[in-house]
Amino acid sequence: MKINNETFTSRLMLGTGKYPSFDVQKEAVEASGTEILTFAVRRMNIFNEEEPNLLESIDLEKYSLLPNTAGAKTAEEAVRIARLAKASGLCDMIKVEIIGCDKTLLPDPFETMKASVQLLEEGFTVLVYTSDDVVLAKRLEEAGVHAIMPGASPIGSGKGIVNPLNLRFIIEQSDIPVIVDAGIGSPKDAAWAMELGADGVLLNTAVAGACDPVKMAAAMKLAVEGGRFGYEAGRAEERQYGTASSPKAGMIQ
């Protein structure tokens, strides 16, 4: 999976919040095989080394960091958060996330576009959390963003993919990575996203909120890999009626 000038072997991105403990978080991250960790800048003590933060137990030399602008309600807030992350020396990648509805936690398309354009002008590698709006995804790509991140369903809902048709449309029209983000609830959801042709999956609650986060992280790793293999292999044709799995020609009468 290539994002701007960076290439990654794993197609699973993992969030770092909501874990029951730092030790469980560390084990889950390792079990997932991920190479990219995302976190909300506003929830981190990135300038205060005396206070613990969500990444303190993880060897950050092994991972690429993807700060996000969660908590922002306007483009101005998102840009300010992104600049803060960059100033801390974390990285030049940023996930733009601007919530427009507090009840559904769906993103604001207008503020998202505005922030994305501004951050591109400032030289960021921009990944954009958006709804499954097909036209908006295309407009964001035309603006120059480096990856589209449509939600499968509302953040943290665990409802899985509620609109596979739109996701497929977004994937088919896109020449940049499409990473399904938000709403993934189980390994079958992750596998399905990859079978649809997504380049990757980003999730957090499905792992952090599982009864056994470490085992779920391992399951998600296998699901993403299996779904990608299935997509690349190309599934057999679906038929209306049953067909014999063995050919009739040459059978002993």
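# Exercises on helix 6 and two positive phi values

The side chain of D189 makes a polar contact with the side chain of K188 at 3.3 Å, where a polar contact is a pair of N or O atoms within 3.5 Å, of which, within protein, one must be able to donate a hydrogen and the other to accept it, residues adjacent in sequence counting only if both atoms are side-chain atoms. The model is predicted, with local features needing pLDDT of at least 70 and side-chain atom pairs counting only at pLDDT 80 or more, while totals for chains, interfaces and linings use all residues. Residues are numbered from 1 along each chain as its sequence is written, and side-chain values use heavy atoms, with hydrogens and water left out.

**Exercise 1.** Determine where D189 is placed, whether it is buried or exposed, and what its side chain meets.

*Solution.* Start with the placement: D189 belongs to helix 6, helices being DSSP runs of H or I with at least four residues and strands runs of E with at least two, numbered from the N terminus. Next, its relative accessible area of 5% makes D189 buried (buried is under 20%, exposed over 50%, partly exposed in between, with a 1.4 Å probe and protein chains only). Then turn to the backbone, where the nitrogen of G185 lies 2.9 Å from a polar atom of the D189 side chain. Finally, with neighbours within four places in sequence left aside, D189 is in contact with G158, G160, I161 and I184, contact meaning heavy atoms within 4.5 Å.

**Exercise 2.** Describe how helix 6 and helix 8 pack, giving the angle and the distance between their axes.

*Solution.* Helix 6 (residues 187-195) and helix 8 (residues 213-233) pack at about 25 degrees, their axes lying 7 Å apart; the axes are lines fitted to C-alpha atoms over the stretch in contact, and angles run from 0 to 180 degrees between N-to-C directions. The two helices are therefore roughly parallel to each other, a term for angles under 35 degrees. On the helix 6 side, the meeting residues are P187, A190, A191, M194 and E195, and those in helix 8 include M216, A219 and Y231. The residues of this contact divide into 10 nonpolar, one polar and two charged.

**Exercise 3.** Find where N4 and A182, each with a positive phi, are located.

*Solution.* N4, with phi near 55 degrees, sits in the loop between strand 1 (2-3) and strand 2 (6-7), and is partly exposed at a relative accessible area of 32%. A182, whose phi is about 85 degrees, occupies the loop between strand 9 (179-181) and helix 6, and is buried at 9%.

Methods:
Parallel < 35°, antiparallel > 145°, perpendicular 65-115°, else oblique. Nonpolar A, V, L, I, M, F, W, Y, C, P; charged D, E, K, R; others polar.
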